[in-house]
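Please open the model in your viewer and keep the selection panel at hand. The tour goes from one selection to the next and says what can be found at each stop.

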Amino acid sequence: MRFHHRTIEETMRELRSGVDGISKEESEKRAEKYGPNTIEGKEDRHPIFIFLKQFHSLFIYVLIAAGVISFVFDKMIDVYVIAAVILFNAFMGFFQEYKAERAITALKKMLVPKAKVYREGELENVSSKDIVPGDVVFIEEGDRVPADIRVIESKNLRTMEASLTGESSPKSKSTDAVPEETDFADRDNMGFMGTFVTGGRGRGVVVATGSQTAFGSIAKDIESIERSGGHFEKRVSVLAKQMTAFAFAGASIIFLISYFFRDDLEFFEVMRYTIAALVSGIPEGLPAILVIVLSIGANRMARRNSIIRKLSSTETLGVTTHIVTDKTGTLTENTMNVRKIVMPDRELEVTGEGWEPEGSFYEHEEIIPPMEYESIRKLIHIAAVCNNARIVKEGEKHSIVGDPTEASLVVMAEKAGIKKGVIEHIEEKLDDLPFNSKTKLRASLALLKNGEKEVYAVGAPEEILQRSTFINVNGNVRPINDEDRDHIVSRLEEMAGDSMRTIALAYRKESDEEEEVHEERVNDLVFVGVTGMIDPPRSEVYEALEKARSAGIRVIMVTGDHKGTALSISREIGLVEEDDTRAYTDSELEKMNEQEFSEAIKSTSVFARLTPHMKFRIAEELQRQGAVVAMTGDGVNDAPALKKADIGIAMGITGTDVAKEAGEIVLVDDNFASIISAIEEGRIAFINTRQTSSSLITTNFAEHGTLISALLIGWNLPLLPTQILWLNLVTDGVFGTALAFEPGHGRILSKPPRDKRENIISKEIVPYFVIMLLLMAFLALLVFNHFLDDGLDKARTGAFTVMAFTQLFNAVNMRSIDNSIFKIGLFSNRYFIIAVVAAVFLQLSVIHIPFFQGVFHFEALSALEFVVIVAMTSSVFIVGELYKYIRYSLIANR
């Protein structure tokens, strides 16, 4: 039940409570009814079950079947090799999955262990899990709110709700009821479980506990999301099914032909043929190579400020069609910079970036020394003294302690030359009146070095203007008139149109001996001026948005800020056109029916004042419309949407642990431009996945074709299962790893996202497979037949060498499926050069070292024989280049 629109009396009556709380007996009854004030999650899976899950794969099932058959026929070397492959893939998958799925654990850590509760008028410290609806809690600066509360008493109470609402500034709390349709972020009479008290103190009556709180609803949203497997997992699953069907079909054909049509073969030989076909049909090294491809992509992304928590997300970024991004800290710098100073007699522009105390003051496009003008000097002096914020230097950069709005005034003062630390030694601040949501101002009483006292006030311009009876014009103080007020108001409206947060500054001379400042003393002020501040867009965001458009990616802004601010920033950065006024708030979206909501999400790029659940709904609706969604977030409020999205991107600097656990990617610098860089690397990762897989699978097709052809001709087995495993694991593994390092070629972000249904192996590459299968099988059989007179082992050595070097030249072709090797550069991938040297060395070793000769049944080749075979197999490279030239140059240009 919602209580923000109810008065305190109505709330107390509804909850059957009072200002002194409830009795202990009543709390025990309610504890039985409502349960503990905790957020329950699913039990964590035991690591052993995560490990066993890794064996649930078609590739693994086929390899186990081949291993069992090999064991039955006492081929123990085959068994050991297959077992090693299975275990390697299982461990790789286990270590990746074991790190994931801990969002609920992080959420629980944000809850307080103790809380201060009134029970029958007595203030007690109780366990937060024992709090029930109707309890009255006391909170003060430094506390976490233990449950959702309706505020019933506020003494300058302020809470930081950024983790829930996305707003970076503390919220002042009041006791007044607000309209029922008030947006979640604007319910100033409510406190929410897990948020911080940043100032003041107050009391509140508990209206919701545990899973019924705002935090609890987030936890339920997270728990309700069942991932059916990411995009990459689905594509790999399709590839596994294709290769498994191919392996079993080929093995079945070989078994039937050899059993029914080859009377010269005994059953033992028939099974050797069948096992060889089964092993040749499965690219045993592919699972490990895919992990390597994704790991390299993840490492490249890390160098561009994106940390990958889930490897498969590397490739999924490549099909992203929509980026749903927060505004604060991602599109903007997450700082407050004073950009404009409006005074009765002049206007100034202030430059500088972030919290760095470096910048200039401009008047009429010329730099001026601000401290040489009395009225400017007075404004800057007030800004430096009347706040509690500080600038802290951390290495080469500066950060802040305190309220960001107040800190922006300190930064402005230091740009002008007034150091806060220095001025505190020159004059004494006698008292402070903290910011109050009712008065909308803060004030300080200062003792100047000449012995005089002054009251300084900063706050909402309309409030400061109302309390001012004088105005400072170029250092001269005179009574303020209606013309002055109208001029200031008109300038305020212009600044509001530019989405600036405006803060007015004023002062008054204090003559009595009192050393405290009260609200009634903040009157008869001398109005000095107004500062306009803004969270500026990141400098990189303009180019990043242009890249997103070129890449066919739609960008949507979702923010907890006000609609006007969101639209202004979106126009400034080019997210929407200047005349585009379309933007929706949470309350407006809630009123829409299903069709209207769908159309709003489809056609609108700016959404403001959103609740956690609405962000979740937006991600869900985009996916229903067929989009692949990457969503950014930093707060607890973003966690459900981050987990629901195809790619959850958490902020590394401002992000909560909950957001980081729910996302697959963490942005080190919280920068939108880093997302676009990550998408570029994701596209490269898919290209490398396709090229690596194609290289490996071509070999499998050729091995299958060689075995079936030999069987039909009536020859013996040209390749033994162990030899095929060497080709599939070692030779293919070397080239597969090298191809994983291939850099991007061409303008990666100049094309729209590929269809998410597009498989790793597409129809487009089938003609190439057929050509290479025929050529590689023909060369292997030709050499096998040539060496048969020298013995079966020598013939198999020749066929094996042919297959190894056709793999090498095919891998050269696969460095780019559609570009000539001469276009992309022979030496542009140094890892491939290393792979070629390693492959030649391994090939020579395995056929000449006696130990390996015995294991694999090889005989040494002469230097001449070796050179002739290499020359023959180079035809694979020549044919591949001709194929790419004909298909992608001649035909494409018609």
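Which residue in β3 does Tyr-118 stand opposite? Select Tyr-118 and look across to β3, where Val-136 stands opposite. Before going further, note that this is a predicted model, in which local features need pLDDT of at least 70 and side-chain atom pairs count only at pLDDT 80 or more, while totals for chains, interfaces and linings use all residues. Residues are numbered from 1 along each chain as its sequence is written, and side-chain values use heavy atoms, with hydrogens and water left out.

**The strands β1, β2, β3 and β7**

Helices (H or I, at least four residues) and strands (E, at least two) are DSSP runs, numbered from the N terminus, and two strands pair if DSSP finds at least two bridges between them. Select residues 114-119 and 122-127, which are strands β1 and β2; they run antiparallel and are joined by six bridges. Within this pairing, Lys-116 has Asn-125 of β2 as its bridge partner. The two strands form a hairpin with two residues between them, and Glu-120 in the turn has a positive phi of about 55°.

Now add β3, which pairs with β1 in the antiparallel sense over three bridges. Strand β3 (residues 136-140) is mostly covered, with four of its five residues buried, where buried means under 20% relative accessible area, exposed over 50% and partly exposed in between (1.4 Å probe, protein chains only). From β3, continue to strand β7 (residues 196-208), which runs antiparallel to β3 and is joined to it by five bridges; here the bridge partner of Ile-139 is Gly-202.

**Helix α14 and its two ends**

Select residues 404-416 to show helix α14, whose 13 residues should span 18 Å at 1.5 Å a residue, and whose end C-alpha atoms are 19 Å apart, which agrees. The expected span is 1.5 Å times one less than the number of residues in the helix. This helix is mostly covered, since 13 of its 13 residues are buried. At the start of α14, look for Asp-403, a side-chain oxygen of which reaches to within 2.8 Å of the backbone nitrogen of Thr-405. Just after the helix, Gly-417 takes a positive phi of about 115°.

While this region is in view, show the side chains of Glu-414 and Lys-419, which meet in a salt bridge (3.5 Å, N to O); the term stands for a side-chain nitrogen of Lys or Arg within 4 Å of a carboxyl oxygen of Asp or Glu. Glu-414 is buried, with a relative accessible area of 14%, whereas Lys-419, at 39% relative accessibility, counts as partly exposed.

**Further salt bridges**

A search of the whole structure finds 42 salt bridges. Select Glu-454 and Lys-378, whose closest N and O atoms are 2.6 Å apart in one of these bridges. This pair links distant parts of the chain, as Glu-454 lies in strand β18 (residues 453-459) and Lys-378 in helix α13 (residues 374-385), 76 residues apart. Both Glu-454 and Lys-378 are buried. Keep Lys-378 selected and add Tyr-507, because Lys-378 lies over the face of this ring, at 4.5 Å from its centre, a charge being counted as over a ring if NZ of Lys or CZ of Arg is within 6 Å of the ring centre and within 35 degrees of the ring normal.

Another stop is the network of salt bridges that links Lys-171, Asp-186, Asp-188 and Arg-609.

**Aromatic pairs**

Rings of Phe, Tyr and Trp (its six-membered ring) pair if their centres lie within 6.5 Å, and planes under 30 degrees apart count as stacked, over 60 as edge-to-face and the rest as tilted. By this rule the count comes to 15 aromatic pairs. Select Phe-805 and Phe-866, an edge-to-face pair at 5.3 Å centre to centre with 85° between the planes. Phe-805 lies in helix α28 (residues 792-813) and Phe-866 in helix α32 (residues 863-873), so the pair ties together parts that are 61 residues apart in sequence. Phe-805 and Phe-866 are both buried.

For the last selection, show Trp-726, Phe-800, Phe-851, Phe-852, Phe-856 and Phe-858, which ring pairs link into a cluster.

How values were computed
Polar contact = N/O pair within 3.5 Å; in protein donor to acceptor, adjacent residues only side chain to side chain.
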